[in-house]
Amino acid sequence: MSEKFDIGLGHNDYTLRKQGDSDFVSFWSDQAKNLHWFSTWHKTLDWRPPFAKWFVGGTINASYNALDVHQSAKSDKPAIFWEGENGDSKTYTYGDLFIEVQKFSNVLKSLGVTKGDRVTIYLPMVPELPIAMLACARIGAIHTVIFSGFSSASIKDRIEDSKSKIVITADGGYRRGKIVKLKEVIDDAIEGFDFVEHVVVLERTKNKISILPKDKLWKDLMKTISDSCDAEKLDSDHPLYILYTSGTTGKPKGVLHGTGGYLTHLYSTFKWAFDIKDSDVFFCTADIGWVTGHSYVVYAPLLHGATQVMYEGAPDFPDVSRMWNILEKYSASIFYTTPTALRMFMKFGDDVPNSFDLSSLRLLGSVGEPINPEVWKWYYKTIGKQKCPIIDTWWQTETGGMMISPLPGLETIPLKPGSATLPIPGVDISVVDEFGSDVPPNTKGYLIIKNPWPGMLLTLWEDDEKYKNVYWSKYPSCYYPGDYAMKDTDGYLWLLGRADDILKVAGHRIGTAELESCIVSDCDVAESAVCGIPDEIKGEAIIVFTVLKDGVTTDKNILEKNLTTKIRIDIGPIATPKQIYFVSKLPKTRSGKIMRRLLKSIASGEKIGDTSTLDDPSAVDEIQKIITKN
Ligand code: WTA
């Protein structure tokens, strides 16, 4: 039996859970009433598996709910305390954001953007990033934000798939004191893309850039434009954004989220998980380029009229105390970060956080990967001083918002280090075997979601078939997230990592297939297999096995360097492998399937188990020898 921590915030309202569990449709209908609708829905859910339409007939606007609704009471309240990596800082009130967003909406219109058009945003963590997103939402354009750590080949695929009319970028962004040349990456990525009509360039670093015919400077466009732009009344299922995420195939999938359902999910979970109050200062360290940033930096806090801190740069720059420094400076009360960041902070030693006044904190969150109990306890004791609940939230790009999480803003339940506890009300989750039968308590199985929820993806961008196959084909009428999990005897869920070929490296989602297709496109490489092994800080580290083409005699050190550079250029630095091994063959089944799980076991130094389906056992002997030698 694991340890339990009885900390709640005094909320003991179990009625919502009861309502959610007995009738999730009327439950979500009630929750949606917390938002502003231009016209109300006539049907809460139109469920034609696996396609859900939430709040049919209702019209709404995300930007209106994030900004307009706060203007009478909160126009002077800080919405964003922005902290630049280089020490710059700036405060945007709800009034300031309202004006900037309306101006930029008019800029987009002046560039010919209309409802349904796609706009790619490739910006660092600067306030103009949420401003651009909200401006798109205001006029009904679909934003597609690309993480500013991705390189040009990854961006090319994403822009091509979404056929974005406009790309918004910056002259550069700061990362660990260096300037990342974002504009150069975009120039490279959109070469030959006639459908991209304009590139809007924000000056962040004043780094020298080449101005091309499609380029327009943000500051010039904003100079004389009107600051009044009404929000479009959009259907509830109007697409809000596409966010590309790695899957089990070579190409990233365009996860498409709608408006009314998504916002309802975010409004509710933010309130329940973080018990948000008007006086709170919320600080989420996620980059807006990932879903956590979309949902819990941009939309959820703004829907609530909350104040938040947004930080531009690396968590350990200029030194390892930067995060605690920011928390103290802004008296943050809620901190939401990743297990990878926590493992790194823990390694730096307790003296670092202990030399700051963190007494303003009242809640601590975690997201993106399983949090090991040791780290959970460190977070609880050293950062939270044993008075802040740890909110371990499980969810995915596809789910839109939190699905499994303690909800101290709603009810008090004992916490167990390492467990994300229970599903949110209205969501029915099971842990099942290969055949879909519930596994007994404390047994590892596959997580499945048995009913639709409002934040769920609408589909994959222009690919309904793939949407059906990837998420809804393994178990009939159930959503399959691709995670292993276990339920204990109290019904608590323990998330046990991915059950498919997706890696979670420092919380970033990377598909092994995406990496392999990048590696085999190198002219020296014949075949490749990628797997993840446990890593003390990053959770998982990337290991690459490569078979070279016949006749390649180049020095292995040079080849390793070249391949690493190729991966960093094609995908981005987040995909840098920990180790590349050169082998003469890969372990395969008799039908030719690469046995990645076997590779993972060998590379992690685990027992390799059954190898009877292996075509050529000598492949394993060779790999074992090479790994031991290293
Ligand atoms: C993993 C991030 C354990 C999981 C919001 C999921 C977690 C994938 C947790 C989605 C958690 C996320 N505990 N594992 N609290 N949260 N995961 O799309 O494997 O980047 O399927 O969304 O992260 O990653 P994504």
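How far is an oxygen atom of the ligand from an N or O atom in the side chain of Lys504? The separation is 2.8 Å, which falls under the definition of a polar contact (a pair of N or O atoms within 3.5 Å). The model is predicted: local features need pLDDT of at least 70 and side-chain atom pairs count only at pLDDT 80 or more, while totals for chains, interfaces and linings use all residues. Residues are numbered from 1 along each chain as its sequence is written, and side-chain values use heavy atoms, with hydrogens and water left out.

**Ligand site**

The side-chain distances to the ligand are listed here.

| Side chain (N or O atom) | Distance to a ligand oxygen atom |
|---|---|
| Arg498 | 2.7 Å |
| Lys504 | 2.8 Å |
| Arg509 | 2.6 Å |

Taken alone, the ligand exposes 530 Å², of which the protein buries 97% (Shrake-Rupley method, 1.4 Å probe). Helix H11 (291-303), strand S20 (390-393) and strand S25 (493-498) each give two or more residues to the surrounding shell; helices (H or I, at least four residues) and strands (E, at least two) are DSSP runs numbered from the N terminus.

Around the ligand there are 17 residues, and Asp392, Thr397, Asp483, Arg498 and Arg509 come nearest (a residue is near if one of its heavy atoms lies within 4 Å). By class, the shell has 6 nonpolar, 5 polar and 6 charged residues; Asp, Glu, Lys and Arg count as charged.

**Arg17**

Arg17 lies in helix H1 (residues 15-22). Arg17 counts as buried because its relative accessibility is 14% (buried is under 20%, exposed over 50%, partly exposed in between; 1.4 Å probe, protein chains only). Beyond its neighbours within four places in sequence, Arg17 is in contact with Leu407, Glu411, Leu422, Pro423, Ile424 and Pro425 (heavy atoms within 4.5 Å).

Notes. Polar contact = N/O pair within 3.5 Å; in protein donor to acceptor, adjacent residues only side chain to side chain.
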